[in-house]
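Here is a short briefing on one chain and its contact with a partner. Keep the structure open while reading.

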Amino acid sequence: MKFKPVEILSHIVLILGVLLMVLPIWYSFATSTHENVAIMTEGMKFFLGESFSQNYNEVLNEKGGWSEEVTAAKMFINSFIMAFGIATLKVVISAMSAYALVYFRFKLAVPIFWLIFITLLVPLEVRIFPSYKIVSDLGLTNTYTGLILPLVASATATFFFRQFYKTIPDELLESAKLDGANSWRFFIDFLLPLSKTMLAAMFIFMFVYGYSQYLWPLIMTTDEKYWTVVMGMKIIFTENYEGVALPRTGERFAYIILSMLPPVLVVIILQRWFIKGLIQTEK
Amino acid sequence: MSFLELQNITKIYPNGTKAVNETSLNIENGEFVVFVGPSGCGKSTLLRMIAGLEDITSGEIVLDSNIINNIDPSERDVAMVFQNYALYPHMTVYNNMAYGLKNRGISKQEIENKVNDAAKLLEIDSYLERKPSMLSGGQRQRVAMGRAIVRNPKIFLFDEPLSNLDAKLRNQMRLEIKKLQRQMGVTSIFVTHDQTEAMTLGDRIVVINNGIVEQVGTPKEIYSKPNTKFVAEFIGSPQMNIFNCKIDNGTAKIDNHSINLDKSVNNDDASIGIRPDDIQISDSGSITCKANLVEYLGSDMIIYSSLGDQEFSCKLSSKIDVKAGNEFKFDIQPNLVHIFDNSSGKRLD
């Protein structure tokens, strides 16, 4: 098989791009399998070492924090609950509010849509004090509800769903009406299956969004039971080990590698659905 | 009492457009009625009001002795075939047909029987597991019909269902729809802007223009005795020739020709119409014209000519030898002439 110069060039660009993305991750992974002393004296490693199981085992099971009770495994679970809750609720609420905006032609639908859209200008960081006040008044600090609820409204997802619903021909709705589908059935039997791809894509984005939240959980949680992975990154394994002032770099790299896994898994699981939807245009 | 009665139906859209104006119509059980008219004339709106997809501004629709104005579309017992078929893209053909039945709480076994029967009737039984995106235009059309048939409705409503098909398939599906309707005996209303479809399908044709019913009648009545100038021009291909003229005591004056109409009509602003195939060419004809253009269609040909400054066409057997630029002679038979009043558009004789 012969390649044209353009093809060779584009492959080179692609390969460079892949290396640019993958090398730092590999670099971190390789480093995470070495002993702290080796990293300390020789710097970061490019090849695998022998402390893989020891480092990763310690990361997952060692109890840390002031209470000496929270483990990284617990933080992973917390992060997962938070990200999953945010992503699921965001997708469900956005899909439903977009449905209301597009199909129920009430008077103020357009202004309400713009009102929702404007909230893009006020992200959580901007309204962090009022949000905290509300959540703490409701007694939701140090709860999963408190971690999830203030983050579930999404202008972006509402916007995407709205645009998608607008492309669905009116005849489909009319035909469904004649077939006896009420508004609820139309949503469940038509809009949700038709927007499968959209749901998967939105879920991926929102999961990553929820997973990478830092400021909100930091302010919201005083109880270490509710710490999340991203918070832990700053806090965990910073203390000295057995009285010797040796940075626990190996464990910290292991922790970073592990913290990347959940979003990656979500993408891998959902992308099949996502790509299938892209190939089979069903409209 | 008729099976379906439209009583003074009016539709005014929120922006003030009057789509349908005081329309009344009776349709008998088992009849195949075609609504025909130019686009934007309100024929689809009328159909959608019968289906319940459009609110009625005023008037009443009575189906099988029940006023259905405020009844939900799904409970009206009507089935509709849409122009773009509106198949459910994410469902298989089987589920497309079964969906409406499922919503009515019919047992699985019965649904299966009904769908299979309809599929066999329409010869789509081998595609039941496919999705609509994997079907051709004609097959999609059949699925859309199947979806209507399985529900066993009181009325079939067709909203220009053939306009997305190519010419050959259109003719074939037209025949099949007609056959199917005969076979099932279900009252049907078919909306189209194509006068050939209207003529071939309908037991009765309703010609609509600007939201007003211009004429209701069998295809033959509509063709041979159009009530208005609009109907005369709209039905028939090639279009009927219309000459503006003065009629003085039964004699029409066009240019410097006089045509005896054999009727005692006086009108200063009238028009007479004659179908292109009703013009008879003969060497003894009393009017002489020059052929400007000749179109050869195989068995027939069409001659385009003008009488004074008014253009007309005549359709005749291509065995007659007339070439462009030649002169030819013809007669207009009084009994084949239609006379209309120009100001009201109404037929005068």
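A residue counts as buried if 20 or more other C-beta atoms lie within 10 Å of its own, with C-beta atoms placed from the backbone. By that test, 40% of the 349 residues of chain B are buried. The model is predicted.

**Overall build of chain B**
- Chain B holds eight helices and 20 strands.
- Its C-alpha trace spans about 75 × 45 × 35 Å along the principal axes.
- Take the contacts in chain B between residues at least 6 apart in sequence: 64% of them join residues at least 24 apart.

**The six-stranded sheet**
- Six strands of chain B make an open sheet with mixed pairing, in the order 6-7-8-3-9-10.
- Strand 6 and strand 10 (212–217) of chain B are the edge strands, and each pairs on one side only.
- From one strand to the next, the twist averages 20°.
- Inside this order, strand 3 sits beside strand 9. Strand 3 (residues 32–36) and strand 9 (residues 204–209) of chain B run parallel and are joined by four bridges.
- One residue to find here is B:Val34, whose bridge partner in strand 9 of chain B is B:Ile205.
- Helix 4 (residues 137–150) of chain B lies across strand 6 and strand 7 (155–159) of chain B. The helix runs at about 180° to strand 6 of chain B.

**Strands 11, 14 and 20**
- Strands of a sheet pair through backbone hydrogen bonds, either parallel or antiparallel.
- Strand 11 (residues 241–248) and strand 14 (residues 267–274) of chain B pair in the antiparallel sense, over six bridges.
- In that pairing, B:Ile242 stands opposite B:Gly273 in strand 14 of chain B.
- Strand 14 of chain B also runs antiparallel to strand 20 (residues 338–341) of chain B, with four bridges joining them.
- Here B:Ser271 has B:Phe340, in strand 20 of chain B, as its bridge partner.

**Contact with chain A**
- How many residues does each chain bring to the contact? Chain B gives 17 residues and chain A gives 16 residues.
- On the side of chain B that touches chain A, strand 6 (78–81) and helix 2 (93–103) of chain B each supply at least two residues.
- Helix 2 of chain B provides the largest share of that side, three residues.
- The residues on that side of chain B divide into 10 nonpolar, six polar and one charged.
- Strand 6 of chain B thus appears twice in this briefing: as an edge strand of the open sheet, and as a supplier of residues to the side that touches chain A.

Key. Residues numbered from 1 in each chain as written. Chains lettered and ligands numbered in written order. Predicted model: local features only at pLDDT ≥ 70, side-chain atom pairs only at ≥ 80, totals over all residues. Contact = placed C-beta atoms within 7 Å. Nonpolar A, V, L, I, M, F, W, Y, C, P; charged D, E, K, R; others polar. Buried ≥ 20, exposed ≤ 12 C-beta atoms within 10 Å, placed from the backbone. Pairing = 2+ DSSP bridges. Axes fitted to C-alpha atoms, helices over the stretch in contact; angles between N-to-C directions.
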